[in-house]
Amino acid sequence: MAEYLKRGKPEAERAEDDAKTRTVVEGILSDIETRGDAAVRDLSTKFDGYTPEAFRLTPSEIEAAMSQVSTREMEDIRFAQDQIRRFAEAQKASMRDIEVETLPGVILGHRNIPVNSVGCYVPGGKFPMVASAHMSVLTAKVAGVGRIVASAPPVGGKPHPAIVAAMHEGGADEILCLGGVQAVGAMALGTESIAPVDMLVGPGNAFVAEAKRQLFGRVGIDLFAGPTETMVIADDTVDAELVATDLLGQAEHGYNSPACLITNSRTLAEATLAEVDRLLGILPTAETASASWQDYGDVILCEGHDEILRVADEMAYEHVQVMTDRDDWYLEKMTNYGALFLGPRTNVANGDKVIGTNHTLPTKRAGRYTGGLWVGKFLKTHSYQKVLTDEAATLVGEYGSRLCMLEGFVGHAEQCNIRVRRYGGRNVPYGEGAPYRGAAE
């Protein structure tokens, strides 16, 4: 039986926080839908202290922002984008249009068609997430999306230079300096100056995530996302310093970022608890990380690897770092997670920023039914069919006619029957199912 050596606050308290967020977001989205640009401008002034003449950056404003990015920083951005582009292109190459002849004269196929327009949100605030621009904008570009709108909040009262550079280098067609719910609301609903998009992608705080949830259906979204989650699965092949560093490295994202250790070693579990306390004494972002660790940190002791696997799959965390004597066993056996990071040389930070996989991943147990953002999320798989011969039209039509009548759809049956009559020369009374072959006409 799994034993909690440390446990975060109860789920009921977390649900109460979610309800408050939901109410606030409903009001903001309603205001944007009613008042358009005026509402967006008021919200930007209220939340970001930013009231520009226009939220869309001009080419000269983009150039001015990028001029503030150092040569070294631009080289780093381009290196990261090269890795992400390579992996996205390989993923896209794995997705093929198909066409098969399932019966003589019956052609079925599908095409992978890019979404026409996408809004990519890039978080700012305390930690401007430059890497999120690569993950959304660049991946959408590789997929072939026709119009890519990228939006990030102002930082220090102006567009963040490195975020603007990453958006531009990634291939954004429009760049907005606009943050929070007002950004995703404006992109999804449209205003007088911002044309609506078909899909929203990208991470954000609890309010942005809730806005995407409420807008889903009116637009597509990449996934339902909450605060960053990290899980470390470890045994006594690694030490407490490495484990604690990896837990706090993600706990610093926000005050409500869950971080969890699951281990079969009581020695490692207890040493990690002590090491977390030590590191929180020297970590510059300890104020945020310690709040997450206190309220959302878990340390779970299991009897063996089978129990670790069961608990980890049930929790379905976003980032799962595996450092054991059987890392590939977990790769083979685990089914519920956002992304796996295998071995002590691998870490979530590299996955977040540079290695090439996408860092927009499912949270709140959504890994049970979806993966993260990837090039395929921007592609819609549409099927088509062609019936090329009289014989095929007759054969399929006869079966279709009878199956439609089985369900009581007479009008459906007549779509089949008229073709059986015209292309097969068979006498099918109006409103009846086609007779079996060999039956008396």
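Helices and strands on this tour are DSSP runs, numbered from the N terminus, with at least four residues for a helix and at least two for a strand. The model is predicted.

**Stop 1: the loop after H12**

Select Ala-316, in the loop that links helix H12 (305–315) to strand S12 (319–323). Its phi is near 50 degrees, a positive value in a residue other than glycine. Most residues other than glycine have a negative phi. Ala-316 has a relative accessible area of 0% and is therefore buried, the cut-off for that class being under 20%.

**Stop 2: the loop after H14**

Go next to Arg-365, in the loop between helix H14 (348–353) and strand S14 (379–387). Arg-365 is not a glycine either, and its phi is positive, at about 70 degrees. With a relative accessible area of 37%, Arg-365 counts as partly exposed.

**Stop 3: the three-stranded sheet**

Follow that loop into S14, which belongs to an open sheet of three strands in the order S2-S3-S14, with antiparallel pairing. Strand S2 (98–103) and S14 are the edge strands; each has a single partner strand, so one side of each has no neighbour in the sheet. On average, neighbouring strands here are turned by 20 degrees against each other, direction ignored.

Now display S3 (residues 106–114) together with S14: the two run antiparallel and are joined by nine bridges. To find the register, select Pro-114, which stands opposite Leu-379 in S14.

**Stop 4: the five-stranded sheet**

Move to the open sheet with strand order S6-S5-S4-S7-S8, where the pairing is parallel. Its edges are strand S6 (174–177) and strand S8 (220–221); each has a single partner strand, so one side of each is left without a neighbour in the sheet.

Select S4 (residues 117–121) and S5 (residues 147–152), which run parallel and share five bridges. Val-118 is a useful marker, standing opposite Ile-148 in S5. On the way to the edge, S5 pairs with S6, also in the parallel sense, over four bridges. There, Val-149 has Glu-174 in S6 as its bridge partner.

Stay on S6 and show its side chains. In a regular strand the side chains alternate between the two faces of the sheet. In S6, Glu-174 and Leu-176 point one way, while Ile-175 and Cys-177 point the other way, and all are buried.

**Stop 5: helix H5 and its partner H4**

Add helix H5 (residues 130–143), which lies across S4, S5 and strand S7 (199–201) and runs at about 175 degrees to S5.

Then add helix H4 (71–93). The axes of H4 and H5 are 9 Å apart, and the helices pack at an angle of about 40 degrees. H4 and H5 are therefore oblique to each other, since angles under 35 degrees would count as roughly parallel. The crossing of H4 past H5 is right-handed.

Which residues of H4 and H5 make the contact? The H4 side consists of Ile-77, Ala-80, Gln-81, Ile-84, Arg-85, Ala-88, Glu-89 and Lys-92. The H5 side consists of Val-130, His-134, Met-135, Leu-138, Thr-139, Val-142 and Ala-143. By class, the contact has nine nonpolar, three polar and three charged residues. The spacing along each helix can be read against a general rule: an α-helix has 3.6 residues a turn, so residues three or four places apart point the same way.

**Stop 6: helix H6**

Select helix H6 (residues 161–170). Eight of its ten residues are buried, so H6 is largely enclosed by the rest of the structure. The buried residues are Pro-161, Ala-162, Ile-163, Val-164, Ala-165, Ala-166, Met-167 and Gly-170. What covers them includes H3, H4, H5, S5 and S6. Just after H6, Gly-171 takes a positive phi of about 110 degrees.

**Stop 7: H3 against H6**

Finish with helix H3 (residues 59–66), whose axis comes within 8 Å of that of H6 and crosses it at roughly 120 degrees. That angle makes H3 oblique to H6. The crossing of H3 and H6 is left-handed. H3 contributes Ile-62, Ala-65 and Met-66 to the contact, and H6 contributes Pro-161, Val-164, Ala-165, His-168 and Glu-169. The contact of H3 with H6 is made up of six nonpolar, one polar and one charged residues.

Conventions
Residues are numbered from 1 along each chain as its sequence is written. This is a predicted model: local features need pLDDT of at least 70, side-chain atom pairs count only at pLDDT 80 or more; totals for chains, interfaces and linings use all residues. Side-chain values use heavy atoms; hydrogens and water are left out. Axes are lines fitted to C-alpha atoms, for helices over the stretch in contact, and angles run from 0 to 180 degrees between N-to-C directions. Angles under 35 degrees count as roughly parallel, over 145 as roughly antiparallel, 65 to 115 as roughly perpendicular and the rest as oblique. A crossing is left-handed if the near helix is turned anticlockwise from the far one by less than a right angle, and right-handed if clockwise. Contact means heavy atoms within 4.5 Å. Ala, Val, Leu, Ile, Met, Phe, Trp, Tyr, Cys and Pro count as nonpolar, Asp, Glu, Lys and Arg as charged, and the others, Gly among them, as polar. Buried means under 20% relative accessible area, exposed over 50%, partly exposed in between (1.4 Å probe, protein chains only). Two strands pair if DSSP finds at least two bridges between them.
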